[in-house]
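Dear colleague,

Please find the structure below, as agreed. My notes on it follow directly after.

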2 protein chains.
Amino acid sequence: MKNWKTIKSKTVFECKYFKIEEEDFKTKNGKTHKYYILDRKNYVVVIPIENGFVYLVEQYRHTIKTKLIELVIGAMEDGETSLKAAKKELEEEAGIKAKKFTNLGWYYSYKGCSGQKGFVFLAEGLKFGEQKLEELEREGEMKVIKVKISEVEEMIKSRIIKDAETIASFNIFMLKYKSSFN
Amino acid sequence: MKNWKTIKSKTVFECKYFKIEEEDFKTKNGKTHKYYILDRKNYVVVIPIENGFVYLVEQYRHTIKTKLIELVIGAMEDGETSLKAAKKELEEEAGIKAKKFTNLGWYYSYKGCSGQKGFVFLAEGLKFGEQKLEELEREGEMKVIKVKISEVEEMIKSRIIKDAETIASFNIFMLKYKSSFN
């Protein structure tokens, strides 16, 4: 914002998954405020499709103590491109290699609290193999679910899928590609 | 998860907007792990429609240092129902009173990090008045934008709208109501 000025910024909490930055800033009327920003790595979301089907994953989420049906999603490591992360996450979480990745754009995931971005990829030309799960994913019995593309919107409508990042990512895909499946 | 057990949980960071909970837990193979959960109030998202138009807001987001076009969104205060919060946020942020609110369901906003839920409401029978903005909203020049319902998906496709919560919420609305506008 023109006329807003950051006065100082410092890390006030740090863990393996994210940092919290405390920021003091001044708005245009001259008053100062504090804001707390969640600094978390950008991530990728992958939509692997083949013959009218999409491959989702079901995984246990410790934050909500239950399993969720989601798209493949994973953090980008430092220095890693979104494309490289998309390939890696698809292979690790779903055991799928893809010949073709298409960048569908990115969004802000959680703008009230973080500047984190989610990069959405379509993956086509699939080859199926074994998942390479991390320990908590394995302990959480992460598994791949094959669903007709034409049924996903019904799963959102009936709230079988209730993860905002999956809903937003799939919508971006459908807005661009839906006509191909009708 | 069956056989996962929380050993202890404590608050390791707290600010005006959220807390961070550190949780030690054991998975079914007996190993212990630490997880950090963002504890942030649930929120409401409101979709006010009238005569084929929807009313969005544009606001400056300090987390990303730019303005975003979004749906009306706001935290539920302790003890407040989602319906009450929806009425309040719509009136404060957009200056709109509505005769009828329809609960369209909720989603997990940010499941990798938080159990926070977003409750989506459709608002109809609108009466337009003055916004009652909080200081940072006023300093951030928050304003209402009137858009044809039929144009919002194009705004998502062309990335004029790039906020995941707005995209997911609008999609939930469209999946249920699109046929009414065609």
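Which residue does S9(A) stand opposite in β2(A)? The partner is E23(A). Please bear in mind that this is a predicted model.

The two residues belong to strands that pair in the antiparallel sense, β1(A) and β2(A) (residues 19-26), over eight bridges. These strands are part of an open sheet of three in chain A, ordered β1-β2-β3 with antiparallel pairing. Because β1 (5-14) and β3 (32-39) of chain A each have a single partner strand, they stand at the edges, and one side of each is left without a neighbour in the sheet. On average, neighbouring strands here are turned by 20° against each other, direction ignored.

Turning to the aromatic residues, the whole structure holds 22 aromatic pairs over all chains. Ring pairs join F13, F18 and Y36 of chain A with F13, F18 and Y36 of chain B in a cluster. Charged side chains also lie over ring faces: K117(A) is 4.4 Å from the ring centre of W106(A), and R40(B) is 4.8 Å from that of Y110(A).

W106(A) also appears in the lining of the largest cavity, whose volume is about 60 Å³. β8(A) supplies the largest share of that lining, four residues. By class, the lining comprises seven nonpolar, one polar and four charged residues. The second largest cavity, of about 40 Å³, is lined by residues of both chains, including I156(A), R159(A), L104(B) and W106(B). Its lining has six nonpolar, no polar and two charged residues.

With kind regards

Terms used. Residues are numbered from 1 along each chain as its sequence is written. Chains are lettered from A and ligands numbered from 1 in the order in which they are written. This is a predicted model: local features need pLDDT of at least 70, side-chain atom pairs count only at pLDDT 80 or more; totals for chains, interfaces and linings use all residues. Side-chain values use heavy atoms; hydrogens and water are left out. Two strands pair if DSSP finds at least two bridges between them. Axes are lines fitted to C-alpha atoms, for helices over the stretch in contact, and angles run from 0 to 180 degrees between N-to-C directions. Rings of Phe, Tyr and Trp (its six-membered ring) pair if their centres lie within 6.5 Å; planes under 30 degrees apart count as stacked, over 60 as edge-to-face and the rest as tilted. A charge sits over a ring if NZ of Lys or CZ of Arg is within 6 Å of the ring centre and within 35 degrees of the ring normal. On a 1 Å grid over the protein atoms alone, a cavity is a set of points where a 1.4 Å probe fits but cannot get out, and a pocket is an open set with protein on both sides within 12 Å along at least five of seven lines; lining residues have an atom within 4 Å of a point. Grid points are joined across faces, edges and corners, and a volume is the space filled by probe spheres set on the points. Ala, Val, Leu, Ile, Met, Phe, Trp, Tyr, Cys and Pro count as nonpolar, Asp, Glu, Lys and Arg as charged, and the others, Gly among them, as polar.
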